[in-house]
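Could you walk me through this model in the viewer, one selection at a time? I would like to know what to pick next and what I will find there.

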Amino acid sequence: MQDVDQDPIFCPDYGALPDDLSEFMNDSYLVKILDTDGLFSDDPTLIFDDNNFSDTPLAKEPDPCRNQQEDKIKPTRKQNIPQKRPRAFTLPKHRTMGKNNCTPKKQKAEGTGGGSVQREGHLSCPSTLPQSILPFQQYNQFVTSPDVTSYQFKTQTICPSVIRLSFPKAALPLYVLVPVPPSPSAYELQVPYIFPEDSAVVPALMSSSPFGTLSDNTSKVMSPPCNYETAKSNVSTAVRQSPATFEIPQIVKNYIKMAKAHMHQICEEMEPGLNLSSHFLDVKAIQREMFCSGKKYKSLHKELVSMGDMDRQKNLIKLSQIFENSNGNKPKRYILLIGKAGMGKTTLIRKLCQDWARDSIPQFDFVFLLNGAHLISSKKSHYSLQTLLLDVPTFAISPINIEEVYAQVLKAPKRVLIIFDGFGDQDYEILFREKDFAALLEKDTKGKVFTVRKLYSAILQRVVLPGSILLISARPKGTAYHLVQRLDSLLETSGFTPLNVETYFSRYFDDPNLRESVLKHLEKCSYLRHLCWNPGLCRLVCLVLEHSAGSESLPRTLTELCHQVLCIKMKNNNWGCCTQAKAQAQITLQSSRQESKRAQVRKRARWSTKGKSQIPDEVLQTAQRKICEKNIISRLSSLAWEGVKANTSILPKEVRLCSKLKTFGLRKGVFLIYQGSANQVCSLCESEGVEGEQETIESENAQRRNQQTTDFEENDDVLVWADPFIQSYLAGLHLSMNRNVMNQNLFQKPPSLSGPKGRRRPEGELQELTRRFAFSIQFLSRTELRRLHLDTNPNKQALISEHLKGLSLADLCPDQVLEACHYVFEASFSCGNGGSDSGKETLVTHLSANLPEFLTFRGIPLGPPDAYVVHKILERAENGGRGFSLDLEDTGIPISGLRSLVGLGSCSTYRACIADVIALWEQLEQSGESRPLQHFVTKLKLHPLKVIQVSQIEHLGKLVNIHIHRRLSCRPREPDPILDEGVPAVKELYKLELAIGPERGPQAIPRLWEFLPNLHDLQHLDLEENKIGDQGAEQLADTFSSLCFLQILNLSQNCIGDNGVKKMVTALKDLPKLHCLILYSNVISDEGASTLAAVLPHMASLTDLDVKYNKLSDVGAQCLGASLRQCKKMKTLRLWNQCIPYGVFERLQQQDPRILWH
């Protein structure tokens, strides 16, 4: 309770109250005198109706009593009472006064006829009251909500009670009735309350009293303190869970319905003969994380947190979970989808669009798919944001009522999904360079147009539609760092599993007999099975198997696979079909004059060969076709190389392609058309006419698609390469067959294998593929090359071999070593080698003999094809009697690939993800392969181990438990004979470094204390910058008794104070071999320094102590200096910080030179 001064305005003298108020404190008495009907009977506007509620403001009526009361209680100037500032909600002045419930005289005179008139928001007082009770009138204020349908009337029991306020002695006590929460024993009094529906959040004005009112002041005095921070967080959480929804007009609903039907139809057709429903597999995405380095980096894959095969399986999410929030994190509004070429990013996006069209993603009303090709097709075009979203994209339908649809987009941006697909790394960098958005930020942008680049950049940088959700696809290598700095969620496409491959083959080959035959052929070539991990390559493998029919040799390398695919495409839609379309595509092989000359030449040839065997016309046509195809392939390869250099799959529109080349590429399936504009207009009508209108639109779209190959020149359509692997192969043909380009790009500037470590500029994925193809094409058989009317050059082949043999493999980075393995594999393991077999064996032998003994691929992603290639190279090295120590950490190598590499005799030791290693051991144990299990256990090495993730601590703890319990599974049973002596890698772990960081360090440290005492042979423990604090220092001190061989202990930057030092010093004496103690940059003051100085003479093995940049002053420094004189074996003492005066520190150095600055 709080004592306040009695105000004559609010606390007039109403007479004495009885001393005993027990009879008035009874709840039943209060319920009897406070009738709810009486409270609301005088004002009909305050009658609540559950079925008919409106937020219409209440009508204002005059109050005759108010002016009289104000005149009566208005203070005069002589009273010297300061006037209060008017409040937003004026307190009513009329009251029930006196012992007999009398009212002022003027009020009686004016109110006797028709009764008293209440003002807006006032409640009438009860007619009968006890003589000693002052009723407190509660004034209700009604605040309109944005959506009335989100609230409903519910009842809540409120029990009034009497609370006594203590006033000064000169004043009489005042009793006020206030509402309090109901108690189980309270009598139920039903009062209607507004309550939110569907977890909606009540606005602040509806959940609290107006500021400055008597209700507000009273609640501050008598209500218990409230935790406003908790309430604020609860409200913010509720707001995130239930965003405000807006009513969508029927005309916009009709447009959305037709847009979904159109998008479903467009997304269904992927390529000729390939649709989404029949070929899409429900492959999940992988939730990835990144290191928070805070620097500007150019390559995304180097900043990704490494994940093993088991961790990837745990982090798989379905497509429906991409936009869901997890663990209370912030909403996912900037999502980045990464994946290598052919991994299915575009297919996954099409599936998401189709799911939206099927109402499987209800959180979005609009989905806009923006393609990077539109940057090329509309470089000189200008649009408004409204036109860009609703008219330009291929998947959009242009509405007639575009203003209403666009208004709905602006009204609810959180229900809008914008997808960026088909953009290259350079495209993103260009878009993020845009800075001037002043014109877009103006209030009235109607009628203003901007370039597509400006609008795309504004959307990507969240200048316009900042509340929308962005889904951006990109490749891991070379992704602009601007994307990474903004993202809320990072996803990666996952490849096909062996089960997915079988499912895809069953869908691709409908005939069971053909499917069985194809699978038998696939078993003959294991490399093709590994290539099927990539969905794009899996489709190419199916295409080759479909046309091989067992008569042709299957490809054994990626180069041969792409070569055969290109040959198949050249055979399909033979050139006769193209000649029939000459008139439509305005294609002519030669002018009429050239045709007449050819006819004359043929006529003379017939006369000259009269009596001899004449050349058939079919042979002449075949020769002409070969020459034509050779010229076209040469032109295509040149265009492909230009695209690879620019790191784009879009053919530049500035290059004036001939109609012949365009038609050839489209007929053969080498090119695809991107439509720059939908060019479709639909009228929005009532719901009953939507179906008929939708059929009309679909028929028009079908007619338009049939005319794509003939009239694409008239529109802003863009040609794109249909397959990234075919584009890279054609670019490799250009490098290998063009003498000038070959010399400049492969010899003077070798392909990404030259240059010292860390000095090479990273290349894109297509560039790496192109150079690999250019290298291996020289080793294809002449028979295969002649299918494309090409031939090999022995001189170039010899020159490439000499260049590869001259490489110093020991000086190469891990990714360069992997590229070298791919080069040799592609050149040496093809079906028919263009050179001699001795040359092929020489390359493999040279590479396997010159590989470094410690072969590391740390940080380089290794897919199934990569693991197979390395396995083949090391298999040849095994015959030479060599041994390697493989470092496969942070590679994400699948468990099957790990087993194949470690199972080689040339692998002496290996390092890999601990979770994958344990999973592999368990597989071998379940299959009963005891001998391989023993080899895998003994070959594992952990020393030295650097932990950078919390999950790695968990995996290490599991491995230590296996070492302690001598068995793999957790089930109680006898120890495994193979693990009789434990895990050798755990026993030989001498150095453990924990580099998780201060943010996640406190989460991982408690798990470390659980198994740290079992690392008895540990010699070096580095816990720098993990924020263990004093509590962690105490727990660490408890483990010192088990770490008898510990020599170096680094506890720098861990927020350890005096208490932590006090708890450690007693245990530090129990470390007989500790010679280096580092406490750099903690919070140790003079008290902790004196404690440490007292124990220094008892630490006989300690030689180096580092306490720089702590909180100790000259007092603590002098204390440590005095203790140092007693430690004859100490070599260095580093204790400088800014709190120590320079003169004091200099004098200490003069007294003992072992005291150092750094």
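## Confidence before the tour

Start by selecting residues 1-17, where pLDDT stays under 50 and the model has 33 contacts beyond four places in sequence. This is a predicted model, so colouring by confidence is a good opening move. Next, select residues 700-714: pLDDT is under 50 throughout this stretch too, and the model gives it 21 contacts beyond four places in sequence. For the protein as a whole, the mean pLDDT is 74, with 64% of the residues at 70 or more.

## A buried strand and its partners

Now pick residues 489-493, which form strand β16. How many of its five residues are buried? Five of the five are, so β16 is largely enclosed by the rest of the structure. Turn the view to look at each face of β16 separately. One side carries Ser489, Leu491 and Thr493, the other Leu490 and Glu492, and all of these are buried, so that both faces are covered. That split is a pattern to expect: in a regular strand, side chains alternate between the two faces of the sheet.

Add strand β7, residues 285-288, to the selection. β7 and β16 run antiparallel and are joined by four bridges. To find the register, look for Gln287, which sits opposite Leu491 in β16.

Then bring in strand β9, residues 334-338. Four bridges link β9 to β16 as well, but here the strands run parallel. Ile335 has Ser489 of β16 as its bridge partner.

## Two helix crossings

Move on to helix α15 (residues 425-433) and helix α16 (residues 452-460). Their axes lie 8 Å apart and meet at an angle of about 85 degrees, which makes α15 roughly perpendicular to α16. Show side chains at the contact: Tyr428, Ile430, Leu431 and Phe432 come from α15, while α16 supplies Arg453, Tyr456, Ser457 and Leu460. By class, these contact residues are six nonpolar, one polar and one charged.

For the second crossing, select helix α22 (residues 558-571) with helix α30 (residues 724-737). Here the angle is about 95 degrees and the axes are 10 Å apart, so α22 is roughly perpendicular to α30. On the α22 side you will find Thr559, Cys562, His563, Val565 and Leu566, meeting Phe725, Ile726, Tyr729, Leu730 and Leu733 of α30. Eight nonpolar and two polar residues make up this contact, with no charged ones.

## A single buried threonine

Jump to helix α44, residues 1029-1039, and centre on Thr1039. Is Thr1039 buried or exposed? Its relative accessibility is 4%, so Thr1039 counts as buried. Leaving aside residues up to four places away in sequence, Thr1039 touches Leu1012 and Pro1013.

## The eight-stranded sheet

Finish with the open sheet of eight strands, which pair in parallel in the order β23-β24-β25-β26-β27-β28-β29-β30. Which strands stand at the edges? They are β23 (945-947) and β30 (1155-1156); each has a single partner strand, so one side of each is left without a neighbour in the sheet.

For a last close-up inside this sheet, zoom in on β28 (residues 1104-1106) and β29 (residues 1132-1134), which pair in the parallel sense over three bridges. Label Asp1104 and look across to Thr1132 in β29, which stands opposite.

Conventions:
Residues numbered from 1 in each chain as written. Predicted model: local features only at pLDDT ≥ 70, side-chain atom pairs only at ≥ 80, totals over all residues. Heavy atoms only, no water. Pairing = 2+ DSSP bridges. Buried < 20%, exposed > 50% of the residue type's maximum accessible area, 1.4 Å probe, protein only. Contact = heavy atoms within 4.5 Å. Axes fitted to C-alpha atoms, helices over the stretch in contact; angles between N-to-C directions. Parallel < 35°, antiparallel > 145°, perpendicular 65-115°, else oblique. Nonpolar A, V, L, I, M, F, W, Y, C, P; charged D, E, K, R; others polar. pLDDT = per-residue confidence, 0-100.
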